[in-house]
Amino acid sequence: MDVKDLQRKAVTIRQDLLTLIYNGKTGHTGGDLSSADLMVALHYHIMNLRPQEPDFPERDRFILSKGHCVECYYAILADLGFFPKEELKTFSTYQSPFIGHPTNKIPGIEVNTGALGHGLSLGAGMAWGLKKSASKSRVFVVSGDGELAEGSLWEAAMFSSHYHLDNLIWIIDRNHLQISGNTEDVMSQEPLKDRMEAFGWAVREIADGNSMEQILAAMEQLPLSFGRPSAFIANTVKGKGVKEMENIAKWHHGVPDEELYASAMAQLNAARKELESHE
């Protein structure tokens, strides 16, 4: 897909995840929306995946460490064809496998996540194992910035640089908000790039992590540095794409009512038309 196709796809995924949350009456809306462009870039352009053969050995591995933002992940996997879209109608219903965090009962999902701070540890272990087996597969981990206060994550960061895991790519959805408020008020993270570099990582900051052009340019060549794990700090907007939700901490988790859902759909339809007008 080219940039325009990916931009349109990100609009579609935002609409799909909002519909999932609206119908399921639960979801972490703000973080889903902030990470949508990153998730689309990875799944439709960067990673090596086969929806009809989800476990093929040469695939790239993906771990959603911020597992509470699973609705975006489900919407993408369904759209790619890992499972029929109809199955998503069972989201958050009794005995459905489509629960509020990723589970490997669903095709395309490698591991169960949701306990914050553990995703990078899982990714580091996978990357180390792939290195040992001389595999060319890569491991991509998406974390939220709120989980950066977890100590296990920094242990994994130290392990990854020590073992030269240049097949590990860590993307941080830096929307500056978590359930308790601004990340800098809850647990200061800056200077984040300096901290990550001090742990031995090659780090690149994406000024606008909701810009498809900037995401693709930043990740055009991987790894960033041979012999070192790569990290991207993507500055995003919580609730991106829906003006009533943007940069508002309460939308960390929440379900739009009928009026807000209609407004969100209208805004995203307008965004799609705007993209098409420039073609």
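## Exercises: strands and helices in a predicted model

β1 and strand β2 (residues 139-144) run parallel to each other, joined over 4 bridges; strands pair if DSSP finds at least two bridges between them. Heads-up: this is a predicted model, where local features need pLDDT of at least 70, side-chain atom pairs count only at pLDDT 80 or more, and totals for chains, interfaces and linings use all residues. Numbering starts from 1 along each chain as its sequence is written, and side-chain values use heavy atoms, with hydrogens and water left out.

**Exercise 1.** Work out which way the side chains of strand β1 (residues 61-64) point.

*Solution.* Start with R61 and I63, which point one way. Then take F62 and L64, which point the other way. Now check burial: all of them are buried, meaning under 20% relative accessible area with a 1.4 Å probe, protein chains only. Last, look across to β2, where V142 stands opposite L64.

**Exercise 2.** Trace the order of the open sheet and find its edges.

*Solution.* Walk across the 5 strands: β1-β2-β3-β7-β6, with parallel pairing. β1 and β6 (202-206) each have a single partner strand, so they stand at the edges with one side lacking a neighbour in the sheet. From one strand to the next, the twist averages 15°. Helix α2 (residues 29-46) packs on this sheet, touching β1, β2, β3 (168-174) and β7; contact means heavy atoms within 4.5 Å. At the β6 end, β6 and strand β7 (residues 230-235) pair over 5 bridges, again in the parallel sense, and V203 sits opposite A231 in β7.

**Exercise 3.** Classify how α4 packs with α5, then how α1 packs with α3.

*Solution.* Get the geometry of helix α4 (residues 119-132) and helix α5 (residues 151-162): their axes come within 8 Å and cross at roughly 20°. Axes here are lines fitted to C-alpha atoms over the stretch in contact, and angles run from 0 to 180 degrees between N-to-C directions. α4 and α5 are therefore roughly parallel (under 35 degrees; over 145 is roughly antiparallel, 65 to 115 roughly perpendicular, the rest oblique). The α4 residues involved include A124 and W128, and those in α5 include A156 and F159.

Next, α1 and helix α3 (residues 70-80) pack at about 120°, with axes 9 Å apart. That makes α1 oblique to α3. Among the residues that meet are L17 and L20 in α1, and Y74 and I76 in α3.

How values were computed:
Buried means under 20% relative accessible area, exposed over 50%, partly exposed in between (1.4 Å probe, protein chains only). Helices (H or I, at least four residues) and strands (E, at least two) are DSSP runs, numbered from the N terminus.
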